[in-house]
Amino acid sequence: MSFGSTAERTIDMANIATFEKGTSQLLMGNEAIARGALEAGIGFAAAYPGTPSSEIIGSLAEVAKDAGIYVEWSINEKVALEAAAAAAFAGVRSIVAMKQNGLSVALDYLMGLALTGTRAGIVLVTCDDPGALSSTEEEDSRIVAKWACLPLLEPGTFQEEKDMTRWAYDLSEELKSVVLIRGVTRTSHARGDVEVGERVPPLRQAKFEPSNPLEFTSLPAPFKHLAANQKIDKAREIFESSPFNWYQGPDKPDLLIVTCGSGWFYSLEAVTALELEKSVGILKLGTTWPLPEKLVREHLSLAEEVLVVEEIDPFLEGNLKELVGEDPSAVGPIKFYGKRSGHIPVAGEINPDIVTAALARILDIEHRPVQPQYSQKALALTSQFTHGRMVGFCAGCPHRATFWSIKNAIKLDGRNGFVSGDIGCYSMAVGPAGYWQIKTMQSMGSGTGMACGFGKLAEFGFTQPVIAVCGDSTFYHATIPAIISGIYNRANFTLLVLDNSATAMTGFQPHPGTGRSAMGEPAPTVDIPTLCRALGVRVEETDPFDLTGTTDKLLDLMRDDGGVRVMVVKRECALVRARREKPAYKMRIDVERCLGESCGCSRLCSRVFQCPALMWDAEKGVAAIDSVLCAGCGVCADICPSGAIIRETA
Amino acid sequence: MSPPEIKGNLQLRADVIDRGLCALCGACAGICPYLVAHRGRIVALDDCAVERGRCYAFCPRVATDLDAASNAVFGAPFDTAPIGRVAQVLMTRAARENVRSSAQYGGTVSAIVAFAIERGFIDSAVLTKSDASVLPAGVLVRDPDDVLSHARSNYVAAPTLAAFNREARREEVRRVGVVGTPCQALALAKMRASPLENRNNVEKLSLVVGLFCTWALDLDSFTRFLAEKTPLDRISKFDIPPPPANVFQAFSDSTSVSIPLDEVRRFIRPSCNVCLDMTAEFADVSVGAAEGVEGWNTLIVRSERGRELVDAARAAGVIETDALPDENLNHLKGASLGKRRRALANIRQTTGSDDDLLYLELCAETRSRLLAE
């Protein structure tokens with residue numbers, strides 16, 4: 001195996017399409033799902049990227065040619081699901097993956113699809129983000145299964161990620177229903193050993209041929225709704241014998257843990273840590289909607305105390321209680337512990353410590369899951385090697401320059417203008433990295449949707465200039481309808497499209513502006529300024545590294561009251577650029593000129609501008625540049641009031 | 001009396017800008033990346049962490065030791081006489097007719113500033129220009145022939161000192177003059193008196209020509225008002241002709257608009273209402289109209305520097321001088337005293353106390369003399 005260059009690596013390394021049957025591979029959870037789909041013979045994969053789901057379709061895109069499948073990055077999750085459903089209707093097995101927020105975008109179509117059903121197998125993978133590590137919300141997707149009458153699988157091991165996905169296609173075709181697979185950040189992004197099976201090439205007999213005129217519609221809805229419920233009944237039967245549900249523990253446990261997904265490993269670790277193998281049993285469920293009732297009742301009847309361990313909402317806990325409530329005598333009296341009892345938190349991520357603490361509390365065991373002052377000790381140890389800062393933009397990021405100009409323009413304008421924000425790297429402008437400029441942030445495209453409302457409040461005495469921001473990928477995803485709505489309704493706002501030519505937050509996936517497809521082929525480009533001009537609005541273009549020019553143009557746009565104005569702020573993502581080119585400039589500090597903390601400077605560069613590559617040398621009382629971090633963008637030279645930051649052509 | 005405390009940027013904003021006391025002199029602007037002058041406002045772009053800043057030290061609307069300021073300019077404590085420290089009062093005008101006709105009143109300021117550059121009293125001067133949208137700003141002039149193109153009176157407050165802060169940094173600028181309003185002359189005196197290590201190049205300040213001033217207008221509200229009367233980009237000159245006209249005139253090309261002065265007064269900056277100084281008492285020389293004598297200025301010579309320049313200008317035939325009639329001098333003193341009284345009354349009304357005089361940090365004697373008048 002060679003690590004000499006990207007090209008060599010691609011040739012030498014086996015990938016998820018070329019792994020040999022029967023070998024054991026160290027796979028990321030998302031890759032295991034992708035491999036499972038390939039073993040099921042999928043032909044079509046679509047998604048809009050979203051952490052922690054992105055690598056499922058991303059890894060399929062990388063091997064699309066090897067595997068003979070079609071993979072695309074769709075404009076948004078709804079279109080991805082629609083495209084994948086079309087393939088399935090035409091007989092091609094398909095997969096679509098999204099994060100929890102994406103499921104909300106796709107939900108309108110999913111509801112119709114749930115009633116419609118499918119012909120070839122279709123699997124929708126939704127990856128939740130407990131703790132919102134890379135999300136703006138942490139909702140639990142699983143409720144959708146119950147709501148839409150769809151079977152739900154939750155893999156608990158890496159092997160299951162693959163095997164369940166493979167099996168989900170048989171289930172989907174047997175039920176003629178979409179199958180949901182729910183993962184979480186840890187199951188998606190952790191790696192484990194997976195024994196791979198045989199990869200099956202997709203069938204090449206795609207044909208759209210309804211057996212009756214209404215087969216691929218949700219009509220008549222009450223009839224199809226009844227049918228969907230019957231599919232759930234059938235799934236319940238199938239799940240009774242599923243190998244993805246198992247029990248581990250004593251025949252008659254003092255306490256039964258019922259868990260699913262990531263909770264399986266956490267529960268196992270907690271039971272082992274407390275040496276409770278002889279008294280506590282674990283019922284690990286892989287098929288969590290509908291529940292296999294007989295299996296579940298059988299195990300519930302063994303214990304009088306039950307702890308439910310699961311991520312985010314008490315979904316499993318509620319369904320278990322519902323099941324017990326239907327026939328209490330079948331299982332006898334049970335005391336439930338979980339999220340409702342406060343033993344497992346209802347918000348944030350869970351972990352082995354939480355489960356251990358819950359067990360210790362229920363069983364009254366003396367136990368301290370974490371060393372006292374652990375976090376202080378960890379902080380003391382690590383602070384020698386890092387300096388404290390909040391989540392922020394990378395060195396050289398165009399967004400920092402953009403928000404610098406936005407901040408200054410709003411201050412100079414003086415009418416309390418503000419930014420309604422959107423979802424992307426630039427969302428971090430809710431904090432110090434973007435000078436706290438973003439004041440609203442909810443969902444994809446909502447920055448402009450909010451501006452449509454703020455921009456119509458003049459008759460209620462509203463005089464503040466409204467600035468909406470969105471990224472280039474967000475522009476295509478959900479902003480376009482909001483712009484058109486704003487134009488039509490004469491809303492008064494300025495939209496800044498922060499075009500960094502990448503879906504940067506999720507891993508630089510291509511989009512309609514990049515001229516490249518998911519499979520690496522040239523693709524038509526939808527040019528944002530051209531599109532906006534075609535909508536008939538004033539469009540300006542600017543380079544965010546031109547701080548004065550950007551500030552002046554924005555000031556002018558803010559004063560140009562009335563209607564929608566657009567400014568496309570274009571500069572490639574610093575990380576994308578760094579993969580291709582050396583830094584443009586070599587930066588250094590002229591220590592003679594640096595004013596440091598004195599009047600006239602007050603450490604503007606490291607204290608206010610806050611590029612991570614700008615440091616403060618407290619000993620010498622001057623600014624310093626971390627040459628390892630510095631991306632050589634040169635912007636800091638333009639903000640230094642005494643010209644002490646020197647930009648030399650690299 | 002201990003010297004007034006020098007604070008930082010945040011306190012300047014709290015004490016002056018947020019209270020509507022900013023005179024827009026520009027002394028705090030452009031010396032750091034935090035405070036800038038923009039369209040008739042001083043804007044704080046970010047919070048500064050320096051505890052004692054030049055912005056606060058120079059501001060004419062924070063606690064000011066008038067004696068210290070006067071000492072820095074004249075080597076003598078503050079003179080509470082109605083028109084301040086006076087070496088000589090004259091009636092003057094530019095000798096050249098073309099200077100007089102391009103300038104306001106007698107053209108004295110243009111004549112002596114151009115002369116000062118020509119003779120090397122100064123190598124350049126910071127003046128105030130207006131652009132097409134009546135947006136006044138400071139500008140550095142190095143060629144005496146260019147002085148006349150900025151000769152007009154501005155009635156809209158201009159942050160001219162921001163240009164001093166910016167231009168005095170340049171190495172080639174060694175001896176710079178400033179033409180400014182009373183608040184600007186006071187700010188420059190405070191700059192000279194400042195105990196801070198950073199001298200702000202004030203040692204290059206070689207001449208201050210003060211302009212008589214009763215008030216200045218707020219840019220934003222006034223230009224919005226004015227734009228409804230006449231296109232702003234066509235305006236070539238403003239004037240307030242002597243009483244009893246009681247109008248504000250805006251001239252453009254061949255036409256002019258006259259607006260009743262009372263309507264215009266609505267746009268006076270609130271800061272002007274607490275200003276004691278009509279005749280720029282901290283300038284080397286102060287110049288205004290000679291009321292009732294068309295085509296002539298009143299000129300007050302205050303400092304030794306000022307006297308040297310005026311004598312040389314007269315000797316060179318650049319300006320013509322005459323005695324100012326007693327009646328005019330008395331009228332000037334009365335008007336000056338009137339502004340001071342109104343300001344003190346406004347200050348006391350604002351603070352509700354004789355002890356708190358906002359920005360006036362006075363020794364007991366000065367305080368009692370000022371209040372007695």
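**Two open sheets in chain A**

In this predicted model, six strands of chain A form an open sheet in the order β16-β15-β17-β18-β20-β19, with parallel pairing, where two strands count as paired if DSSP finds at least two bridges between them, and where helices (H or I, at least four residues) and strands (E, at least two) are DSSP runs numbered from the N terminus. Its edge strands are β16 (438–440) and β19 (538–542) of chain A, each of which pairs on one side only. Between β19(A) and β20 (residues 564–570) of chain A there are 5 bridges, the two strands running parallel, and R538(A) stands opposite R565(A) in β20(A).

Helix α16 (residues 398–413) of chain A packs on this sheet, touching β15 (418–420), β16, β17 (466–471), β18 (493–499) and β20 of chain A, and its direction makes about 160° with that of β18(A); contact here means heavy atoms within 4.5 Å, while axes are lines fitted to C-alpha atoms, for helices over the stretch in contact, with angles from 0 to 180 degrees between N-to-C directions.

Another open sheet, of 7 strands with mixed pairing, has the order β3-β2-β4-β5-β7-β6-β12 in chain A. Here β3 (70–73) and β12 (287–289) of chain A stand at the edges with a single partner strand each, so one side of each is left without a neighbour in the sheet. Strand β6 (residues 152–153) of chain A is joined to β12(A) by 2 bridges in an antiparallel arrangement, with L153(A) opposite T287(A) in β12(A).

Residues are numbered from 1 along each chain as its sequence is written, and chains are lettered from A and ligands numbered from 1 in the order in which they are written. Local features need pLDDT of at least 70, side-chain atom pairs count only at pLDDT 80 or more, and totals for chains, interfaces and linings use all residues, while side-chain values use heavy atoms, with hydrogens and water left out.
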